[in-house]
Amino acid sequence: MSDERLFPGPSPVQADTLNAWRELFESKHSADFAQLKGTDCLEEPIFTFEVDYRDIDQNDLLSLYFNEIPVSTIELANEVLRTMVAEYEVSDIRCILRPVSLPPERTKSISALRMRNRGTIVSCVVRIKDVGPRLGYLQEALYVCAKCDYRETVKQRIARERKRPDGPCKECFNKAMVDFEGKIPYSYYENLRKSMKLTAEGSFYKDIQYLSVSDIDDSSAQPIWVIIDDEYVDRFSVGDTVRINGIVQIDPVPDRNFMKDTRRILQIHAFSVEPL
């Protein structure tokens, strides 16, 4: 058996990324945090934290991870923002990173996007053709053990099957290992696994909305769906011209799912929207 020990907390790469985000926010955005103190959290529960892409690109570590693994890198930035907002004693406001002013090489037309662009960051100037209804999705599911009240949060993805914890309640499992001297019966193990129950209280839901958009110079071309979230929901109307900055993703064909069909459509999950 390996003598390697696992310690809780971020990995070295995550720790370096967290520190890099904090340094950037402290050096470039101290005035934004000062502004938070005068913000009414009831009227503005979400603070749009716009960061110039050039500032991200000047940091070698942030530039690498933002462009290679943008989703997790943005999540770490929002984690730093949550911590720093709490330090300013305005914890009722949620700051969300919104990278803006992407370089020209990131500009793409909607008609040029292909499956090979999946996972890449793009910046598209588009016209909105349709605005979907407000929706909510379960972003973080809280599971609670029915036996001992142990809690575990599991991150979810939009339009995917809900994920459960990888195994049973850790506290009950450790106790069972002692009680059964390391040989837990399969039926008992399954009973422990099923004891983890989803609870609405403590789970986190995010507002989202779908926009159907097309290139501004070819409105008759095939449109693409863009997912916007949080403070962007209900902000835009049909006919608006905006710049969408986001990550190209794939989704099942409508009315199908990943299990029933191998066909996919492209969509963009926007991390920022700039009015034009």
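This is a short chat about one helix pair and several salt bridges in a predicted model.

Biologist: At what angle do H1 and H5 pack, and how far apart are their axes?

Modeller: Helix H1, residues 12-28, and helix H5, residues 70-87, pack at an angle of about 55°, and their axes are 9 Å apart. The two helices are therefore oblique to each other, and H1 passes H5 in a right-handed crossing.

Biologist: Which residues in H1 meet which in H5?

Modeller: On the H1 side they are Gln-14, Thr-17, Leu-18, Trp-21, Arg-22, Phe-25 and Glu-26, and these meet Thr-73, Leu-76, Ala-77, Glu-79, Val-80, Leu-81, Thr-83, Met-84 and Glu-87 in H5. The residues of this contact divide into eight nonpolar, four polar and four charged.

Biologist: Switching to charges, how many salt bridges does the count come to?

Modeller: The count comes to 14 salt bridges, and one of them is formed by Lys-28 with Asp-55, where the closest N and O atoms are 3.9 Å apart, against a cut-off of 4 Å.

Biologist: And which parts does that pair tie together?

Modeller: Lys-28 lies in helix H1 and Asp-55 in helix H3, residues 53-57, so the salt bridge ties together parts that are 27 residues apart in sequence. Lys-28 is partly exposed, at a relative accessible area of 48%, whereas Asp-55 counts as buried at 18% relative accessibility, the limit for buried being under 20%.

Biologist: What about Arg-94 and Asp-230, how do their side chains meet?

Modeller: They meet in a salt bridge with an N to O distance of 2.8 Å. Arg-94 lies in strand S2, residues 94-100, while Asp-230 lies in the loop between strand S7 (224-229) and strand S8 (241-252), so this pair ties together parts that are 136 residues apart in sequence.

Biologist: Is Asp-230 buried or exposed?

Modeller: Asp-230 is buried, with a relative accessible area of 7%, and its partner Arg-94 is partly exposed at 25%.

Biologist: Then Arg-193 and Glu-190, where do they sit?

Modeller: Both are in helix H7, residues 186-194, and because they are three residues apart there, about one helical turn separates them. Their side chains meet in a salt bridge at 2.9 Å, N to O; Arg-193 is partly exposed, with a relative accessible area of 27%, and Glu-190 is buried, with 16%.

Biologist: Last one: which residues do salt bridges with shared partners join into one network?

Modeller: That network joins Arg-94, Arg-98, Lys-206, Asp-229, Asp-230 and Glu-231.

Note on methods:
Residues are numbered from 1 along each chain as its sequence is written. This is a predicted model: local features need pLDDT of at least 70, side-chain atom pairs count only at pLDDT 80 or more; totals for chains, interfaces and linings use all residues. Side-chain values use heavy atoms; hydrogens and water are left out. Axes are lines fitted to C-alpha atoms, for helices over the stretch in contact, and angles run from 0 to 180 degrees between N-to-C directions. Helices (H or I, at least four residues) and strands (E, at least two) are DSSP runs, numbered from the N terminus. Angles under 35 degrees count as roughly parallel, over 145 as roughly antiparallel, 65 to 115 as roughly perpendicular and the rest as oblique. A crossing is left-handed if the near helix is turned anticlockwise from the far one by less than a right angle, and right-handed if clockwise. Contact means heavy atoms within 4.5 Å. Ala, Val, Leu, Ile, Met, Phe, Trp, Tyr, Cys and Pro count as nonpolar, Asp, Glu, Lys and Arg as charged, and the others, Gly among them, as polar. Buried means under 20% relative accessible area, exposed over 50%, partly exposed in between (1.4 Å probe, protein chains only).
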